[in-house]
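Me: I am new to protein structures and would like to learn how to read one. Could you walk me through it?

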Amino acid sequence: MPPAAIRQVRWPKWSDMLQSLSQSDAMKLLIVKLGGSVITDKRKPFAIKHTVVKRLAKELKGVPGPLVIVHGGGSFGHPLALKYRIADGYREKDQLMGVSLTHLAMEKLNKYLIEALQKEGIPAIAFQPSACVLSSDGRIKSMELGPLRRILALGLVPVLYGDVVFDVKKGFSILSGDQLVSYLARKLGATRVVFGVDVDGVYTSCPKRNDRAELLRVITPSDVKLVASMEKDETGDVTGGMQAKVRELLELAKFGVEAEIVNAARANVLKEALRGKRGLGTIVTGGK
């Protein structure tokens, strides 16, 4: 190409790219949370379930409309965060290495997931929460969403994760993937959220320890007492386990966004949920 021709090339403006994401498409935004217990083996430190991750990448392929993926920490982030008491905030200098190690562990897990998605032809890209989130006493105070909106406008798939973030009151704190999903769904206008976990939904008690535990098909704000009575997580999950998930989703339901918690450890369950099928697990809704 001659120099004169090169000078005449006009690249599209950002405003044009943003307009290309039509209002109807924006309204179809789907946010998926992949639980750490699904993609890692919590019994072993830094143990990823490679076969499961590959399968989930296949199930995520071909999702219509904009997609945001968030994943948990599992056996990568939680053990280190627990060891260095990251959730307590800054207490002593030794914790700073814990902040560094915990974040690095989450980046490694994020990399494994992104590589699996890319192999399925999904243009996934890492989006680091600690670089754009400021929290206050463990809750998101602000988040720079401009780059994330532009990533979605281009047709890329951002992959975020629970992370160590910097806190105006505590120095640093843990931002759970669950809180992140709830926040993003509100701010970006998602119409549906799907949580992939390693059980069939939300139960009256832990189904792994109690054979009489009953599956709850629907949870609404009127079930707040039931949520409060749920068993606390005992697997070293520093973000609160299933109870914390349900609390976040009940808050989200107040804004009219429905969520469903499904068993992503079972083949094709997540795939069906992502394509609109309801009733596969536990629906969390603002309805009565």
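**Reading sheets, helices and single residues**

Reply: Happy to! This is a predicted model, and we can begin with a sheet. Four strands make up an open sheet, ordered 5-4-7-8, with mixed pairing.

Me: Which strands stand at the edges of this sheet?

Reply: Strand 5 (139-143) and strand 8 (171-175) do. Each has a single partner strand, so one side of each is left without a neighbour in the sheet. On average, neighbouring strands here are turned by 45° against each other, direction ignored.

Me: In which sense do strand 7 and strand 8 pair?

Reply: Strand 7 (residues 163-167) pairs with strand 8 in the antiparallel sense, over five bridges. To see it on the model, find phenylalanine 166, which stands opposite phenylalanine 172 in strand 8.

Me: Which helix lies across strand 5 and strand 8?

Reply: That is helix 9 (residues 177-188), which runs at about 50° to strand 5.

Me: How do I describe two helices that pack together?

Reply: Two numbers do the job: the angle between the axes of the helices and the distance between those axes. Here, helix 8 (residues 146-154) packs against helix 9 at an angle of about 70°, and their axes are 12 Å apart. That makes helix 8 roughly perpendicular to helix 9, because angles of 65 to 115 degrees count as such.

Me: Which residues meet between helix 8 and helix 9?

Reply: From helix 8 come Leu148, Arg149 and Leu152, and they meet Leu184, Lys187 and Leu188 of helix 9.

Me: Now back to strands. Where do their side chains point?

Reply: In a regular strand, side chains alternate between the two faces of the sheet. Look at strand 1 (residues 30-34). Leu30, Val32 and Leu34 point one way, while Ile31 and Lys33 point the other way.

Me: Is strand 1 enclosed or open, and why?

Reply: Strand 1 is largely enclosed by the rest of the structure, because five of its five residues are buried.

Me: Which strands pair with strand 1?

Reply: Strand 2 (residues 67-71) is joined to strand 1 by five bridges, and the two run parallel. Across that pairing, lysine 33 stands opposite valine 70. Strand 9 (residues 192-197) also pairs with strand 1 in the parallel sense, over five bridges. There, valine 32 has valine 194 as its bridge partner.

Me: What can I read from one residue, say valine 157?

Reply: Start with its place, which is in strand 6 (residues 157-161). Next comes its accessibility: valine 157 has a relative accessible area of 8%, so it counts as buried, the cut-off being under 20%. Then look for its neighbours. Leaving out residues up to four places away in sequence, valine 157 touches Leu67, Ile69, Ile122, Pro123, Ala124 and Ile125. Take proline 123: it is 34 residues from valine 157 in sequence, yet their C-alpha atoms are 5.8 Å apart in space.

Me: How do I check the length of a helix, such as helix 11?

Reply: Compare its span with the expected one. Helix 11 (residues 241-253) has 13 residues and reaches 19 Å from its first C-alpha to its last, close to the 18 Å expected. It is also mostly covered, with 10 of its 13 residues buried. Among them are Gln243, Lys245 and Glu248, as well as Val246 and Leu249.

Me: And with which side chain does arginine 55 make a polar contact?

Reply: With that of glutamate 59, at 2.7 Å. Arginine 55 itself is found in helix 5 (residues 50-60).

How values were computed:
Residues numbered from 1 in each chain as written. Predicted model: local features only at pLDDT ≥ 70, side-chain atom pairs only at ≥ 80, totals over all residues. Heavy atoms only, no water. Buried < 20%, exposed > 50% of the residue type's maximum accessible area, 1.4 Å probe, protein only. Contact = heavy atoms within 4.5 Å. Polar contact = N/O pair within 3.5 Å; in protein donor to acceptor, adjacent residues only side chain to side chain. Expected span 1.5 Å × (residues − 1). Pairing = 2+ DSSP bridges. Axes fitted to C-alpha atoms, helices over the stretch in contact; angles between N-to-C directions. Parallel < 35°, antiparallel > 145°, perpendicular 65-115°, else oblique.
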